[in-house]
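This report describes the packing, charge pairing and backbone features of one protein chain. The sequence and the model are shown first.

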Amino acid sequence: MKELKQEISIRKYLYEELSDSDKQLVEAAKEATKRSYAPYSHFNVGAAVLLEDGTIVTGSNQENAAYPSGLCAERTALFHAGSQYPDKAVTTIAIAASNSEGFTELPVTPCGACRQVLLETEMRYKRPIRVLMYGAAFTYEILGTKDLLPLSFTDKSMD
């Protein structure tokens, strides 16, 4: 038996420490939570995607009584960006969530399906995507999806 170890890198910032452009993206994600349709979970998630040309595309979670027919904010934003701006690479995504008490204290992280879509988007554009996960207490930053999804399923998995 051989044990394999993987390390991931997560940076932790106070909101005030973020760059102006990162604050703008986080604010766009926070604003997108207001367009969430979450009558069942009351968990409103917003995502803002920054494209290589500076365009910001947002998305919010859209629930449905027939689970799992809804869609997460991250995939909503990424799929919209891919369909409307297919030649523009995604450079960064910011994610924020709120509940009945306001924005979550801890950073919200993407679900497994969203992590897989982030990875596919990276492979599509052949570049890593920075992920900013906002929480009222602090924001996490990772520099690529592989830190969110170790041992990920890729096209090579089907060889």
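A salt bridge is taken here as a side-chain nitrogen of Lys or Arg lying within 4 Å of a carboxyl oxygen of Asp or Glu. The structure is a predicted model, and a search of the whole of it finds 6 salt bridges.

**Charge pairs**

The side chains of Glu52 and Arg127 form one such pair, at 3.3 Å from N to O. Glu52 belongs to the loop between β2 and β3 and Arg127 to the loop between α3 and β6, so this salt bridge ties together parts that are 75 residues apart in sequence. Glu52 is partly exposed, at 42% relative accessibility, and Arg127 is likewise partly exposed, at 33%.

Glu141 and Arg11 make another salt bridge, with their closest N and O atoms 3.4 Å apart. This pair joins distant parts of the chain, since Glu141 is in strand β7 (residues 139-142) and Arg11 in strand β1 (residues 11-13), 130 residues apart. Glu141 is buried, with a relative accessible area of 4%, whereas Arg11 is partly exposed at 40%. Both residues take part in a network of salt bridges that links Arg11, Asp22, Arg130 and Glu141.

A local pair is found in helix α1, where Glu27 and Lys30 lie 3 residues apart, about one turn of the helix. Their side chains meet in a salt bridge at 3.3 Å, N to O. Glu27 is partly exposed at 35%, while Lys30 counts as buried at 14% relative accessibility.

The three pairs are set out below.

| Salt bridge | N to O distance |
|---|---|
| Glu52 and Arg127 | 3.3 Å |
| Glu141 and Arg11 | 3.4 Å |
| Glu27 and Lys30 | 3.3 Å |

Glu74, in helix α2, is buried yet has no salt bridge. The nearest side chain of opposite charge is that of Arg75, 6.4 Å away, which is outside the 4 Å limit for a salt bridge. Beyond its neighbours within four places in sequence, Glu74 is in contact with Val45, Ala47, Ile93, Ile95, Thr109, Pro110 and Cys114.

**Nonpolar packing**

The largest nonpolar core has 21 residues, and those with the most contacts inside it are Val49, Leu78, Ile93, Ile95, Leu118 and Val131. At least two residues of this core come from each of β2, α2 (73-84), β4 (90-99), α3 (112-125) and β6 (130-134). Another core, of 10 residues, lies apart from it and includes Leu18, Ala28, Ala48 and Ala96. Leaving aside residues up to four places away in sequence, Val49 touches Leu25, Thr55, Ile56, Val57, Ala77, Leu78, Ala81, Val90, Thr92 and Ile93.

At the surface, Tyr37, Tyr40 and Tyr67 make a nonpolar patch of about 360 Å². Tyr37 is situated in the loop between α1 (20-32) and β2 (44-51) and is partly exposed, with a relative accessible area of 43%.

**Backbone features**

Tyr67 is also joined to Pro68 by a cis peptide bond, with omega at about 5 degrees. Pro68 is in the loop between β3 (56-60) and α2.

Two residues other than glycine have a positive phi: His42, at about 55 degrees, and Lys126, near 55 degrees. His42 is in the loop between α1 and β2, and Lys126 is in the loop between α3 and β6. Lys126 is exposed, with a relative accessible area of 73%.

Definitions and conventions:
Residues are numbered from 1 along each chain as its sequence is written. This is a predicted model: local features need pLDDT of at least 70, side-chain atom pairs count only at pLDDT 80 or more; totals for chains, interfaces and linings use all residues. Side-chain values use heavy atoms; hydrogens and water are left out. Patches are made of residues with over 30% relative accessible area and no salt bridge: like charges are joined within 9 Å, nonpolar side chains (Val, Leu, Ile, Met, Phe, Trp, Tyr) within 5 Å. Accessible areas come from the Shrake-Rupley method with a 1.4 Å probe; for residues, only the protein chains shown count as cover. Helices (H or I, at least four residues) and strands (E, at least two) are DSSP runs, numbered from the N terminus. Buried means under 20% relative accessible area, exposed over 50%, partly exposed in between (1.4 Å probe, protein chains only). A nonpolar core is a set of buried Ala, Val, Leu, Ile, Met, Phe, Trp, Tyr and Cys residues joined through side-chain atoms within 4.5 Å. Contact means heavy atoms within 4.5 Å. Lys and Arg count as positive and Asp and Glu as negative; His and the chain ends are not counted.
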